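Student: I would like to learn how to read a structure like the one shown here, feature by feature. Could we begin with the vocabulary and then turn to the individual cases?

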Amino acid sequence: MSSINLDMSAPDGIIALLKYLLSSGKVSAVLVPRRNPDTGAYDIGLIADEAGLDSAAPVDPVMLANTGQILSSLTPAKRSLAVVLKPCELRAFVERVKREQGSLENVLTISYTCGGVFPLEKVIEESFADVIPNYLKRVASGEIVDGTRDTCRACEHFVPMNADVTISIAADAGSIAGCRIYLNTDRARELVGGLEGKQSDDEIDPAVTLKLAAKRKVEKEKLFNSLAPTGDGLDGVIEVFGKCVGCHGCGRVCPICYCLLCDFESRSFDYDLPYFEKELSGKGALRLPPDTIFFHLGRMTHMSFSCVGCGLCSDVCPVGIPVASMFKKVGEHTAALFDYVAGRDVEEKLPVMVYKEEEFSELG
Amino acid sequence: MGSKSKSVVVVGAGIAGIQASLDLAELGVEVHLIEDTPTIGGRMPQLDKTFPTNDCSMCILAPKMSECARHARITIHINSSLDAISGEPGDFRCTITERAKYVDPVKCVACGLCEEKCPVKVDDVFDTGLRKRKAISRYFLQSIPAEYTIDKDNCLFFTRGVCKMCEKVCPADAINYEDQDRQLELSAGAIILATGIDPFNPIGFGNFGYHRFANVVTSLEFERILSASGPLGGHVVRASDSKEPKSIAFIQCVGSRDESIGKNYCSSACCMFTIKQAIIAKEHMKDLEPTVFYMDIRAFGKDFDKYYEKAEKKYGVVFTRSKVADIDELPGGNLRLRYTEENGDIKYGEFDMVILAIGLEAREGNRVLSEELDIKLNEFDFYRSDAFGPLESTREGVFVCGAANGPKDIPESVVSASGAVASAAKYLKLERQDIASEDEGAAELDVTGDRPRVGVFVCHCGINIAGVVDVKNVAEYAATLSNVEHSEDVMYACSTDCLETIKKRIEEHGLNRVIVAACTPRTHEPLFRETIAEAGLNPYLCEMANIRDQCSWAHMEEPELATAKSRDLVEMTVAKARQLSSLERLPIDIDPRALVIGGGLSGMTAALSLAEAGHEVFLVEKEKDLGGNMRDIFFNFDKADPQAFLAETIARVEENENIRVFMAGRIDGITGYVGNFETTISGGGNGDAEKVKHGVVIVATGGEEHKTEEYLYGRSSRIVSLVEFEKMLKTGNFPAGRIRNVVIVQCVGSREEGRMYCSRVCCTKAVKNALELKKAKPGADVYFAYRDIRTYGFREKYYTELRDTGAVFLRYTPETKPVVNMVDETNPDSRLKVTAFDPILEKEVEITADLLVLSAAIDPPEGNVRLAKMLKVPLNSDGMFLEAHVKLRPVDFATDGIFVCGLAHSPKDMDESLAQAKAAASRALTFLNKKAILAEGTIARVREDRCSGCAYCESICAYAAIEVDPEKEVAVVNEALCKGCGACVASCRCGALDLLGFSNEQLFSAFDSLEMVITDGGAD
Amino acid sequence: MDKGFTPRITALLCQWCSYTGADLAGTSRLQYPTSIIAMKVMCSSRVDPVLLLKAYLSGSGGVLLAGCHPGDCHYEVGNYHTRRRFAILKAIFDTLGLESARLKLSWISASEGPKFAQVANEYTDEIKKMGENPSKKKMFL
């Protein structure tokens, strides 16, 4: 047995699964996105009571905060915890685990083939709830949904990597009426195996997902090519990041940026008058606050190879910098140096923690 | 033995002499290091790279040389010789002659003007005559001490009474033509001879045409040619037409393994030396075709065979087993080799260049010196020592190390040097040292929080700097920089009077930072730091700006730009200095006890060395008996009985009150760090686990004979391993019936997939036992199946002896291994049918063997993996413990306070294990003999409030010096282990780590201070 | 008179190999342009790529980081880490179309005085050809 099919829509199926986990006592709490039926506001709920699951909105196309980041403070979990995360959130969490910022111990990870999420500015619109049924239909038919985040439309990693449980949604027409729950690990079979439903040995059909992945890849190329419309090089960088107000919000919401205080806010980068005089010489004018572009490039050296492309950073940018797209583009190149895929495997060491004796012979 | 002394005379300042001196000095002993040439360093500075890591020779040696020169307890006597000794061990009187240098070393500032102006050119010995030097010169550019000497035999003044140019140009008034040879009387508790070797001189040797044909050079000359700092700048060209060679022939054993010239020994290092040169040459010239002509490739050391394989497979070096008969020079300069292949065929080969791999021979001076010192030489004129006293000369209290008593490579020399120190310790008055003495002097001022008050001293260095850079301009510019309270230019910043000036200015101006803009901080920063410490400042408040080596000397044609750069360098240094803070070197207490793991020969020897120096030792042996592998060794070449020696050693261990043996013991856990380890040992008699505290750990876990499944081992009583064979020879319990044909197969399990290493001892051991067999069964015929005979060093003559008995040598390759069949499959005592390929006859031979001996590999014990994890030290790919540096730290681990010796390190013979065990003990004593050591000042520091506990740093640190505390979830630096490299600091994403002395703020400030656009000319 | 353009090249040299090699270049009186100005660090692995980035954005014509040859590190393996970090920084530059040639990693041993001089000369020539670092001219940077 590697999958259980339920005769209900995928979102309902996930809620049924969570209810089963709570009612059977297999887990003591679940972490899942919800929607306040009174206000329409989304959040991420930590729920211990079955009744609390009525407001769960497990696959609504919304990401308020990266669940991977939130999960850090809940782990190592003393008692079993089930978590519903998007594939990128799970990858982010794995990246955090590698940095000792969390643990997979006692955590049942439930993820799904993801159709992407909408930017927060769309989510807060009053009519947002109306968008969802159509969204789910289009996702199920394997389409890339207009209006979702840039990095979501360009995301090839929408099939969860190493989740305990995977629900099939994207590119699965059956997900509107039926919920296919794939049990990938021993932990999943142990905790979820007792859920009533039609058991089978099905696996996710790679042919279908590959097709969607190919579409997303085309979208990604388009996105990457559009990033510096008028200039490459330093001009391009200034064009993209030159609007930065230095709020560092992007770093704060980034699930990979785990530092208590960002190094770029430290005293090393506090300047005095002689510094500005030196900087001005031969130039005549400076942009203040200082170090805005430096901050972004510096952050790339810190974490780009671990970027999962969740897109939160772009969402929170007050001046509309496509931070996520830039980081995703750069991150693909830095990760490729080491054949590294962020969040692929918790045992895979961060590329900056290890080395090979024979590599990069072209350098130096 | 009379009284014990606190000083030692070490003769010879090559790597062995340097290592011995450093170890002794660290034990608190006064060392007089006597060196014949005008510099310390010996042979290593002449080498370009070292095998098998291709480490740059000078890179690894230079720090040791300067440490030696700086050490307060080491006095270097260059141009000197030991002429006589009198007195008793423990209280020798040594007569030293210091030959005149004609340059006052106190006054000479090594500016080099004299050399520039000297009109006499002579061959440069250091560069093997490939370059010229002057009659007044420095031995080589990085020589230590950095002094000039006059070569009296070539100086115009001394030979013809004219010139005196050097005296005229010397700005320091250092030339003294009146200088005389001086005699010194030194007292010494012990004497260590580290006089090294001479390279074999191949002039007139064989028919190789050395010195007749321009393109035939020795391996030492080729080393200089390969060297980036050599006479050709590392550009390999041949002498006849300055063209890059396309093909090079290396001829092995030139002056080695040659009875006809009285050199029936192997020089041990040349095979590897050649492989290295072939690889390096190939790296220089991608199209080069190197061919090596050899008898046997003796890659017997740790990781050597892998290197050999790499040369063949990766670099395409061709190895041709043959004997070169002669060489002809062809028109155009190419060389034609005539050589005999293994099967007797005569072949010819044409090469652009020929390298003669010259052997190592006893030093010419050995005969005279040995007579003067009343010490015996062996038949090859090397100092005599024996298997159970590998470091002792024939005179009590006089020790030998390095290649003085036999050819050795660098790590073996270092091992023997450290080992000799442990042996000498017996004659020395050793006391555990306090660290307080280093802190004497003025009480340190607390400058924390004070506004930086910087003093800048710009050095003229005679005309070295001032001849190019406008020093006054630089000093004036410095005065304009903020926080600079005082600035001046000085003639020689390092001269005694100037150092006094600096101290005076600190007081006058209340300086709390000092910058000296002069030469390189690598050589002079310690001096200036000491100086400001004498004035009450923390030594780390001094920085240097390198305006000589990296400015005036490098920009001699551009004085204005050089002046501008000097200003920038000073400004950058001031910017860094503003951010400097006082650094403390924290004392780390050292527990005087030691843990030795393994009670074989190595472990016992190490334990005894430590115990005899007064330290308590916990010796843990996993078996029920002491002795390890040596319990199975019954014969030895020089007649000394191994079992008698072993019994004596065990008795000494058991009788020694300082040694506590844990028999059938097991290590359950080790925690702590240098000086402060705690180990849980179970077993040890009462069966309860016990915790012991100790300051150091010596790993001597030994090795095991590989249990082979090849060659039908185990199927017939007539198939035995080499160890079993030795027992059989001892007991006389041979299989019943005739023992006529005995086949010995070498490299069983060694040098092949899964065990890509040579087990080193098997060739010698098999030769030894074959000779024993001949004694026991004179009628026996020995068939010796081998891949390369590796009877290195003086072991060679036993191989020759075995050959002379008529033993048949059958060389095989991995593809042509001998095939063994039982004559009668059903009989467990069946004779064997051995089929082997004879490459000389080029056909298969079949032998009905009465006995088959399998020389099985040496395996690392399984427990190594567990122990390595506990100690957090690495194993190499073969499962042997991996030392800190394969060349210069052969018994240390990167982690301080942990040492390795014996087979745990790699396969080796008894004498080598003894030497290495003593070396490990000696290195351990450098810690144990101190009550406390000082941690580095330049170490990583954690700002706990910013640390996220991600453990990047922990995964990166090579010294296990930083760990995330599981409770606090922040990184914690172990100050005792941190080496201050800063790798962790640059890995820290959160900015929670910093490197004291090289902090982020310091580096950023320094860079920020730089003008990124250079205004041309610098004058405006 | 054409004064010519002299780019500043900021260098970070590890003290065991490359700084020693730079000293040897001087001791050997090998000549190279004054444009290169070096700072000593314990190990190339001490250098956070962010420092190189900062030097670039401050307008340094070129930034040179040099250490012991791989395998020769005085601190066992520091330069292997340096190499990975540098590769990451270079990939960022390349992806963004920044001139990664303004960043240079070099292995220079203590005996490679000539190599240091050569690197200094060749790199200065290369940077001269590239012209001034654009960072130095951008008023909105």
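Tutor: Helices (H or I, at least four residues) and strands (E, at least two) are DSSP runs, numbered from the N terminus. With that in hand, P289(A) can be placed in the loop between helix 11 (273-280) and helix 12 (292-303) of chain A. This is a predicted model, in which local features need pLDDT of at least 70 and side-chain atom pairs count only at pLDDT 80 or more, while totals for chains, interfaces and linings use all residues. Residues are numbered from 1 along each chain as its sequence is written, chains are lettered from A and ligands numbered from 1 in the order in which they are written, and side-chain values use heavy atoms, with hydrogens and water left out.

Student: What is the geometry of the peptide bond from L288(A) to P289(A)?

Tutor: Most residues other than glycine have a negative phi, and most peptide bonds are trans. The bond from L288(A) to P289(A) is cis, with omega near -5°. Another cis peptide bond joins I144(B) and P145(B), where omega is about 0°, and P145(B) sits in the loop between strand 10 (136-137) and strand 11 (149-150) of chain B.

Student: Which value of phi does H248(A) have, and where is L712(B) placed?

Tutor: H248(A), although not a glycine, has a positive phi of about 60°, and this residue belongs to the loop between helix 9 (233-241) and helix 10 (249-253) of chain A. L712(B), also a residue other than glycine, has a positive phi near 60° and lies in the loop between strand 36 (704-705) and strand 37 (719-721) of chain B.

Student: Is H248(A) buried or exposed?

Tutor: Buried means under 20% relative accessible area, exposed means over 50%, and partly exposed is in between (1.4 Å probe, protein chains only). H248(A) has a relative accessible area of 13% and is therefore buried, whereas L712(B), with 23%, is partly exposed.

Student: How should I read the surroundings of a residue within a helix, and what does A562(B) touch?

Tutor: Contact means heavy atoms within 4.5 Å. A562(B) is in helix 15 (residues 559-578) of chain B and is buried, with a relative accessible area of 0%. Not counting residues up to four places away in sequence, A562(B) touches V468(B), V469(B), C551(B), H555(B) and, in chain C, T34(C). A562(B) and S552(B) are ten residues apart in sequence, and their C-alpha atoms are 6.2 Å apart in space. D305(B), in helix 8 (residues 304-313) of chain B, counts as buried because its relative accessibility is 3%. With residues up to four places away in sequence again left out, the residues that D305(B) touches include R751(B), Y757(B) and R790(B).

Student: How do I move from single residues to a whole chain, and how many helices and strands does chain B have?

Tutor: Chain B has 25 helices and 51 strands, and its C-alpha trace spans about 100 × 80 × 60 Å along its principal axes. The radius of gyration is taken over C-alpha atoms, and the globule rule is 2.2 Å times the number of residues to the power 0.38. For the 1020 residues of chain B, a compact globule would have a radius of gyration near 31 Å, and the chain's 31 Å agrees with this. Buried residues make up 63% of the chain.

Student: Which pattern does chain C follow along its sequence?

Tutor: Chain C follows the pattern β-α-β-α-β-α-β-α, with four helices and four strands. Of its 141 residues, 74% count as buried. Among the contacts in chain C with a separation of 6 or more, residues 24 or more positions apart account for 79%.

Student: What area is buried between chain B and chain A?

Tutor: Buried area is the accessible area (1.4 Å probe) that two parts lose on being put together, summed over both. Between chain B and chain A this area is about 2000 Å², of which carbon and sulfur atoms give 50%. In chain B, R946(B), Y952(B) and R989(B) lose the most area to chain A, together 32% of what that side buries. As for contacts, 22 residues of chain B meet 25 residues of chain A.
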